[in-house]
Amino acid sequence: MIGPLAPQFAAELLVEPMRALGFEFLDLDLVNRVLGYCSYQPFLLQMFGHRLAEVMHRKRARRGPEGPKEPLYAVELADIEVVESDTGLRDSISAAFKDTLSLDHRYDVIANVLAYHARHRGLEVRLSDTELREECETYWRKGFEQLDTEGFRAYLSEMVGLGILAPNHDGLGWHLRGPSRAWSG
């Protein structure tokens, strides 16, 4: 299953190609901001990195020969904000999220139940396995009635692997991961 990358691998996927192009993140917080925005998903990091490289190439071209004497150009907060505000990127991320949810209608129901609770009770609201399953059954009984407890948990694990849900390592309940919270709104 291809899902979110470990933090170090996600950072390398973003930082190394940018460095090879002559662009350097001087602040680790900027790297972490992008990783969070992309939920550590490799395909989202590639989309973001592609647009960031375009922004940085335009920045280099505007500065011309009077640009920095060192070979690396700094990636700044304003550059990240330009990419984050790119409607094409947001549309692409949203489409990728919707495509993922369409893999199985149960994914869609689970994500929408969690999005509903996040919208009405706050982004950090969590639902236990039981609460989430019961609520999903109220919306689509037929889709969940043949699924036993372990089967339902398997769906939740798959959704973690797909980057839709945050892992429930602490046992406090399930919630949507990172930007998927915003994508579902």
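Q: Why is glutamate 76 called partly exposed?
A: In this predicted model, glutamate 76 has a relative accessible area of 38%. Buried means under 20% and exposed means over 50%, with partly exposed in between. A value of 38% falls between those cut-offs, so glutamate 76 is partly exposed.

Q: What makes glutamate 76 and lysine 59 a salt bridge?
A: The closest N and O atoms of glutamate 76 and lysine 59 are 2.6 Å apart. A salt bridge needs a side-chain nitrogen of Lys or Arg within 4 Å of a carboxyl oxygen of Asp or Glu. At 2.6 Å the pair is within 4 Å, so the name fits. The pair links distant parts of the chain, since glutamate 76 sits in the loop between strand 2 and helix 4, lysine 59 sits in helix 3, and the two are 17 residues apart.

Q: Is lysine 59 buried or exposed, and how do you know?
A: Lysine 59 has a relative accessible area of 5%. That is under 20%, so lysine 59 is buried.

Q: What other salt bridge does lysine 59 form, and what makes it count?
A: Lysine 59 also pairs with aspartate 79, where the closest N and O atoms are 2.8 Å apart. The cut-off is 4 Å, so this pair counts as a salt bridge. Lysine 59 in helix 3 and aspartate 79 in helix 4 are 20 residues apart, and their pair links distant parts of the chain. Aspartate 79 has 8% relative accessibility, which is under 20%, so aspartate 79 counts as buried.

Q: How do you know that glutamate 137 and arginine 141 form a salt bridge?
A: Their closest N and O atoms lie 3.9 Å apart, and that value is still within the limit of 4 Å, so the pair counts. Glutamate 137 counts as buried because its 16% relative accessibility is under 20%. Arginine 141 is partly exposed because its 49% lies between 20% and 50%. Elsewhere, salt bridges that share partners join Glu16, Arg19 and Glu24 into one network. The structure holds 12 salt bridges.

Q: What makes the tyrosine 107 and tyrosine 155 pair edge-to-face?
A: The ring centres of tyrosine 107 and tyrosine 155 are 5.7 Å apart, with 65 degrees between the planes. Rings pair if their centres lie within 6.5 Å, and planes over 60 degrees apart count as edge-to-face. With 5.7 Å and 65 degrees, the two tyrosines meet both conditions, so the pair is edge-to-face. Tyrosine 107 lies in helix 6 and tyrosine 155 in helix 9, so the pair ties together parts that are 48 residues apart in sequence. At 7% relative accessibility, tyrosine 107 counts as buried, and tyrosine 155 counts as buried at 12%.

Q: Why is the pair of tryptophan 140 and phenylalanine 144 called edge-to-face?
A: This pair has 6.0 Å from centre to centre and 90 degrees between the planes. The distance is within 6.5 Å and the angle is over 60 degrees, so the pair is edge-to-face. Ring pairs also link Trp140, Phe144 and Phe152 into a cluster. The structure holds four aromatic pairs.

Q: How do tryptophan 140 and phenylalanine 144 count, buried or partly exposed?
A: Tryptophan 140 has 32% relative accessibility, which lies between 20% and 50%, so tryptophan 140 counts as partly exposed. Phenylalanine 144 has 0%, which is under 20%, so phenylalanine 144 is buried. Tryptophan 140 is found in the loop between helix 7 and helix 8.

Q: What makes tryptophan 140 accessible enough for a surface patch?
A: A patch residue needs over 30% relative accessible area, and tryptophan 140 has 32%, so it passes that cut-off. Tyr116, Tyr139 and Trp140 form a nonpolar patch on the surface, with about 340 Å² of accessible area together.

Q: Why is valine 82 called partly exposed?
A: Valine 82, in helix 4, has a relative accessible area of 41%. That value lies between 20% and 50%, so valine 82 is partly exposed.

Q: Which residues touch the most other members of the largest nonpolar core?
A: They are Met18, Phe25, Phe48, Leu52, Val75 and Ile80, in a core of 26 residues. Helix 3 gives the most to this core, with seven residues. Leucine 52 touches Met18, Phe25, Val75, Asp79, Ile80 and Val83, not counting residues up to four places away in sequence. Apart from this core lies another, of 23 residues, including Phe97 and Ile164.

Notes. Residues numbered from 1 in each chain as written. Predicted model: local features only at pLDDT ≥ 70, side-chain atom pairs only at ≥ 80, totals over all residues. Heavy atoms only, no water. Core = buried A, V, L, I, M, F, W, Y, C linked by side-chain atoms within 4.5 Å. Buried < 20%, exposed > 50% of the residue type's maximum accessible area, 1.4 Å probe, protein only. Helix = DSSP H or I, 4+ residues; strand = E, 2+ residues; numbered from the N terminus. Contact = heavy atoms within 4.5 Å. Patch = residues over 30% accessible without salt bridge, like charges linked within 9 Å, V, L, I, M, F, W, Y side chains within 5 Å. Areas by Shrake-Rupley, 256 points an atom, 1.4 Å probe, with all protein chains shown as cover. Phe/Tyr/Trp six-rings, centres within 6.5 Å; stacked < 30°, edge-to-face > 60°.
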